[in-house]
Amino acid sequence: MKQETKILGKIWTKRDKSTATTINPPTYRGSTVLFDNYQQMVKAGRHEYEGITYGTDRLPTQRQFEEAMRELEGGAVTRVFQSGIAAIQTALLAFTKSGDHILVCDNAYGPGQRFCRKVLKKFNIDCTIIPANVGADIEQYIQPNTVLILLESPGSITFELQDIPAITAIARQKNIVTVLDATWATPLYLKPFELGVDVSIHSVTKYISGYSDVLAGTVTVNERYGQAFDSFYKQMEIYTPAEECYLALRGLHSLATRLRQHEQSALTIAQWLQTVSIVDNVLHPALPCHPEHHLWQRDFTGSSGLFAFTFKKDYTDTQLAAFIDSLELFHLGYSWGGYKSLLTAAKIMRATPSRYAGKTIVRLSIGLEDCDDLTHDLESGLAMLT
């Protein structure tokens, strides 16, 4: 039996005989949590109480989801947040202070980069954007006051990968915290802590929930930094609604099955796109043509349903609209990882040199529809451009 199956199989709740035993855990709503006796309240005041003290103190459904993610990730501490960006923001705040310097990979989540430029900058925390495919050469960007490196591998638009073990080895020597957004691969296809990463972030909104109806994110921290992060989390009194945690727990149970289908369909469609005459590059790390395919082979155990492609020609917005608006199964919408196939198209601005500068990036989130139907839909739409 796979370790992931064992972990997810433990997510159930058995209660006393006066209540039903359900497969899925109950949800808890509330602010005030009652103590059994005064001694418990005294312990809580001394920070010696191990139970739940208040509604912001991670009610049971949240704690169950956090424990499931912690075990899947293999970390020391997991905390869940109201969104993926909230998880990123809190991780950055927890490990930085005024006067510090951080490095941010150029393909990291856009709102996360804006947070660094617009919010951290206000608190005298400097940020340097580094190439999206950085590896051991990261050393040239490190300054004496560099305390954190934010990575996303692969990035969720242009899909460059970083050489994670090379970066973490250098960072560990210099006592720099490494933070990796590993949403694309999920905890099933990438194990960041085995590659030396200190902090792993997931947008639960994506594959983990799977139905495009949850906003949540997780931060999992290794033993070295777990206590510091937990202390910061408690000071901020952050919590996530029970309903979101319940839906995320439910999504975890079907994650492996869904992800296999996403992976298979995406690879089939990506390989087909390579045969389309008007397509230039197919940006999928699991394809041998991808510049960092060797890193994907070494570090990952699978691929997900998100990838992109570019055209040989620079089509006008009117021409692109004719292609995109003709699609029936691919819908226009941000985010990804749900059962419905989605598409976005835009030219991406980068702070560092990019292999796709000036190119329109058409990103596909391959859902759970029939793969042949999705291919036919794209084929009919692309015919509008020939």
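The following exchange goes through helices, sheets and one loop residue of a predicted model.

Biologist: On how many sides of helix H3 do its buried residues lie, and what arc do they cover?

Modeller: Helix H3 takes in residues 60-73, and its 14 residues reach 20 Å from the first C-alpha to the last, close to the 20 Å expected. Its buried residues are Thr61, Gln62, Phe65, Glu66, Ala68, Met69, Leu72 and Glu73. They lie on the same side of H3, because the arc they cover around the axis is only 160°.

Biologist: Which residue follows H3, and what is its phi?

Modeller: The last residue of H3 is 73, and the chain goes on from the helix with a residue whose phi is positive, near 80°. That residue is Gly74.

Biologist: Against which helix does H3 pack at an angle of about 35°, and what is the hand of the crossing?

Modeller: The partner is H9, and the two axes are 8 Å apart. On the H3 side the contact is made by Thr61, Gln62, Gln64, Phe65, Ala68, Met69 and Leu72, and on the H9 side by Ala242, Cys245, Tyr246, Ala248, Leu249 and Leu252. H3 passes H9 in a crossing that is left-handed.

Biologist: Which strands stand at the edges of the sheet of 7 strands, and which strands does H3 lie across?

Modeller: This open sheet has the order E1-E7-E6-E5-E4-E2-E3 with mixed pairing. Strands E1 (77-81) and E3 (126-130) each have a single partner strand, so one side of each is left without a neighbour in the sheet, and these two are the edges. H3, running at about 130° to E1, lies across E1, E6 and E7.

Biologist: In which sense do E4 and E5 run, and which residue stands opposite Leu151?

Modeller: Strand E4 (residues 146-152) and strand E5 (residues 177-181) are joined by 5 bridges and run parallel. Opposite Leu151, in E5, stands Leu180.

Biologist: At what angle do H4 and H5 pack, and how far apart are their axes?

Modeller: Helix H4 (residues 84-94) brings Ile85, Ile88, Gln89, Leu92 and Leu93 to the contact, while helix H5 (residues 110-118) brings Pro111, Gly112, Phe115 and Cys116. The crossing is right-handed. H5 also lies across E2 and E3, running at about 155° to E2. The angle between H4 and H5 is about 35°, and their axes are 9 Å apart.

Biologist: Which helix packs on the sheet of 5 strands, and which strands does this helix touch?

Modeller: The sheet is open, with mixed pairing and the order E8-E9-E12-E11-E10, and its edge strands are E8 (279-283) and E10. The direction of the packed helix makes about 10° with that of E9. The helix is H9 (residues 242-273), and it touches E8, E9 and E12.

Biologist: In which sense does E11 pair with E10, and in which sense with E12?

Modeller: E10 and E11 pair over 2 bridges, with Leu332 opposite Leu343. E11 and E12 pair over 6 bridges; Lys347 stands opposite Thr360, and the partner of Ala346 is Ile361. The sense is parallel for E10 with E11 and antiparallel for E11 with E12.

Biologist: Is Gly51 buried, partly exposed or exposed?

Modeller: Gly51 lies in the loop between H2 (38-45) and H3, and beyond its neighbours within four places in sequence, Gly51 is in contact with Asp57 and Arg63. Its relative accessible area is 24%, whereas buried would mean under 20% and exposed over 50%. Gly51 is therefore partly exposed.

Key
Residues are numbered from 1 along each chain as its sequence is written. This is a predicted model: local features need pLDDT of at least 70, side-chain atom pairs count only at pLDDT 80 or more; totals for chains, interfaces and linings use all residues. Side-chain values use heavy atoms; hydrogens and water are left out. Helices (H or I, at least four residues) and strands (E, at least two) are DSSP runs, numbered from the N terminus. The expected span of a helix is 1.5 Å times one less than its number of residues. Buried means under 20% relative accessible area, exposed over 50%, partly exposed in between (1.4 Å probe, protein chains only). The arc is that of the directions from the helix axis to the C-beta atoms. Two strands pair if DSSP finds at least two bridges between them. Contact means heavy atoms within 4.5 Å. Axes are lines fitted to C-alpha atoms, for helices over the stretch in contact, and angles run from 0 to 180 degrees between N-to-C directions. A crossing is left-handed if the near helix is turned anticlockwise from the far one by less than a right angle, and right-handed if clockwise.
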